[in-house]
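This briefing concerns the structure shown below. Its topics are the ligand surroundings, the packing of helices and the backbone geometry.

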Amino acid sequence: MQFTITVNNRKIKAEKGETILSALNRNGIIIPTLCRMKDFSPTGACRMCVVEVEGRDRLVTACSQPVEEWMEIRTHSPRVITARKTIVELLLSNHPDDCLYCDKNLNCELQKLSEELNIRERRIRARKIKPRLDQSSPAIVRELSKCILCGRCVRVCEEEITSTSLDFINRGSLTHVGPAMDRDFNFSSCIHCGQCVLVCPTGALHEKHNINEVQEYLNNHEILKVIQYTPLVASGIAEEMGVRYNREFDRILNSILRKIGFDKVFLTGTGTDICVSEISEQLGRSVDSNTGTPLYISACPAWVKYAEQFIPSILPQLSTVKSPQQIAGVIVKTLVADQAGVKPEKIYSVAATPCMAMKFEARRDGMMRKGISDVDSVMTVRELARLIRLYGIDVTNIEPEPVDEPLSGRTSSAALAEVSGGLAEAVTRQLLYERMKSESDRQTFRKLRVGGSFREITVRLNDRDVNIAVVDGLAGLEKLRNAQAGGKKYDLVEVMVCQGGCVNGAGLPFSATKEEKKNRTRMIYQADESDALTLPCKSPVLSNLLEKLIKENSEISDKKIFHTHFEKRNVLL
Ligand code: SF4
Ligand code: SF4
Ligand code: FES
């Protein structure tokens, strides 16, 4: 039901049941918020969204108060502005003054609010919070002194990620946010998805940087410096650099990476094509043997850690195939080392990725051989952009260059793998092609491409139905469990922790607009429409790699190095 309310002496339409904030925003009236997150229940923790309602003594929080028919609201009265300003001044009163060194400098919501509210002096002074730095996690750094207790990280971890790795600890002035029993991050159930980093309004949570380490290696002339990047890295760097992305930018990125000192530039996508082929073979075997149990895709490292911690019963069904990054990494330390005539320990291998959990994955026991890591360092897109800026390269005025062999080509399957449902689609398309010798119609997979936390399709493979399920964000696991409890049998299950897939990975630019985020997914599906090569089994780069080079190398000819193992993990909740 719609009714009319008065806001700032103007009549606007409101819907029964919605909050004041929702009515304001729908009518183009913007007020500041801090603790509120779209699609999450409001907590009213920060009071930044206060407005004045005629007849009410106290200011009300617009994000939690339902709108009512009689309301006359003032959103920017002197009283409201003073209240908002005082809230920010109180937050700043004990906040460290190190904006220049902060990870979120220029992307900080607290900074933005103090600018918008014209805060130009420190009126309120309180004792600074003692700096406490938790660097124990391989992926995420916690700087407690910068936390403003908005609770966004706690809610995203509990309600969206369902890992519940963060909570409020203590009371009053001792309140802070952290893992259970106030232990360090590496002792927690954190799966390193980084979604808490994406929602944190300040620099209290950020990725663990590898920029200095990478820079040091770039200056070391006795080491072969190698970098691999995924399709979303190229578009993410374009976003960060403020240039319009098209496929030519991939070739420009190759030149940039060489200019800053990398000796070889590779596509992670070749690794993705191997990943698709290997999982497709596993799916074929599983379908043939009619086990009645699904094969779970293991390419999302945050999902793998979640499964190891919370649902170890499925580990026997978790595909043993390594993620694309790790497959490309292992090729670098074997084939590339051979071809370049250098020992693997003399190669420094960097992976640039939209994912934060890959930082953890690269450190897993199963991702190194003879004490040598497949991937030495993982950089988010934001880190790589910072590194590029350091070298002062004008990205608009640079000659494009090709990537290096042997990881020099990818099919559209490799791009699809970065969107939720895409890897399941690519694996199935490859299997259908191998068995039925014709490419499937993309319409078959239409239902896997739409939104929603749980999606499923059935495809026909000769005389048998193959059931595929996609869990888009861990909240969808419950729907999978319910369907399985109701007797539904799946052959293949893909789970990605970040909603929508890597397109919403925590390593992508903070500053991306809604349109840029949508474009990431659009670009991937467009690539699938326009790329000449869609399936790994048709890729000449891959057949050269698999049929010739790998067969020649006794260490990898059985392809065992593309596989790993996963184990139950005990965590403190
Ligand atoms: S990285 Fe993910 S799992 Fe870990 S605390 Fe943040 S939201 Fe939770
Ligand atoms: S760590 Fe960040 S998101 Fe979490 S409560 Fe503190 S300021 Fe908010
Ligand atoms: S945004 Fe409304 S109370 Fe924080």
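**Ligand shells, helix packing and backbone**

The shell around ligand 1 is made up of 8 nonpolar residues, 4 polar residues and no charged ones. The model is a predicted one, and the points below take the two ligands, then two helix pairs, then two places in the backbone.

**Surroundings of ligand 1**
- Four cysteines belong to the residues around ligand 1, namely Cys157, Cys190, Cys193 and Cys196.
- Ile140, Leu166, Phe185 and Ile191 are also found around ligand 1.
- The remaining residues around this ligand are Ser163, Ser165, His192 and Gly194.
- Cysteine counts as nonpolar and glycine as polar in this grouping, and on that basis the shell of ligand 1 divides into 8 nonpolar and 4 polar residues, with no charged residue.

**Surroundings of ligand 2**
- Ligand 2 has 13 residues around it.
- Those that come nearest to ligand 2 are Cys147, Cys150, Gly151, Cys153 and Cys200.
- The shell of ligand 2 comprises 10 nonpolar residues, 2 polar residues and 1 charged residue.
- The site of ligand 2 is the second largest cavity.

**Packing of helices**
- Helix α7, which spans residues 231-241, packs with helix α13, which spans residues 381-390, at an angle of about 55°.
- The axes of α7 and α13 are 9 Å apart.
- Angles of 65 to 115 degrees count as roughly perpendicular, and α7 and α13 are therefore oblique to each other.
- The crossing of α7 and α13 is of the right-handed kind.
- In a second pair, helix α9 (residues 268-289) and helix α15 (residues 422-436) cross at roughly 65°, and their axes come within 9 Å.
- The helices α9 and α15 are therefore described as roughly perpendicular to each other.
- Their crossing, that of α9 and α15, is right-handed.

**Backbone geometry**
- Most residues other than glycine have a negative phi, and most peptide bonds are trans.
- Asn8, although not a glycine, has a positive phi of about 50°.
- Asn8 lies in the loop between strand β1 (2-7) and strand β2 (10-15).
- The peptide bond that runs from Glu405 to Pro406 is cis, and its omega is near 10°.
- Pro406 is placed in the loop between α13 and α14 (412-416); α13 is also the helix that packs with α7.

Methods: Residues numbered from 1 in each chain as written. Chains lettered and ligands numbered in written order. Predicted model: local features only at pLDDT ≥ 70, side-chain atom pairs only at ≥ 80, totals over all residues. Heavy atoms only, no water. Near = heavy atom within 4 Å. 1 Å grid on protein atoms, 1.4 Å probe; cavity = no way out; pocket = protein on both sides within 12 Å on 5 of 7 lines; lining within 4 Å. Sits in = over half its atoms within 2 Å of the grid points. Axes fitted to C-alpha atoms, helices over the stretch in contact; angles between N-to-C directions. Helix = DSSP H or I, 4+ residues; strand = E, 2+ residues; numbered from the N terminus. Parallel < 35°, antiparallel > 145°, perpendicular 65-115°, else oblique. Left-handed = near helix turned anticlockwise from the far one by under 90°.
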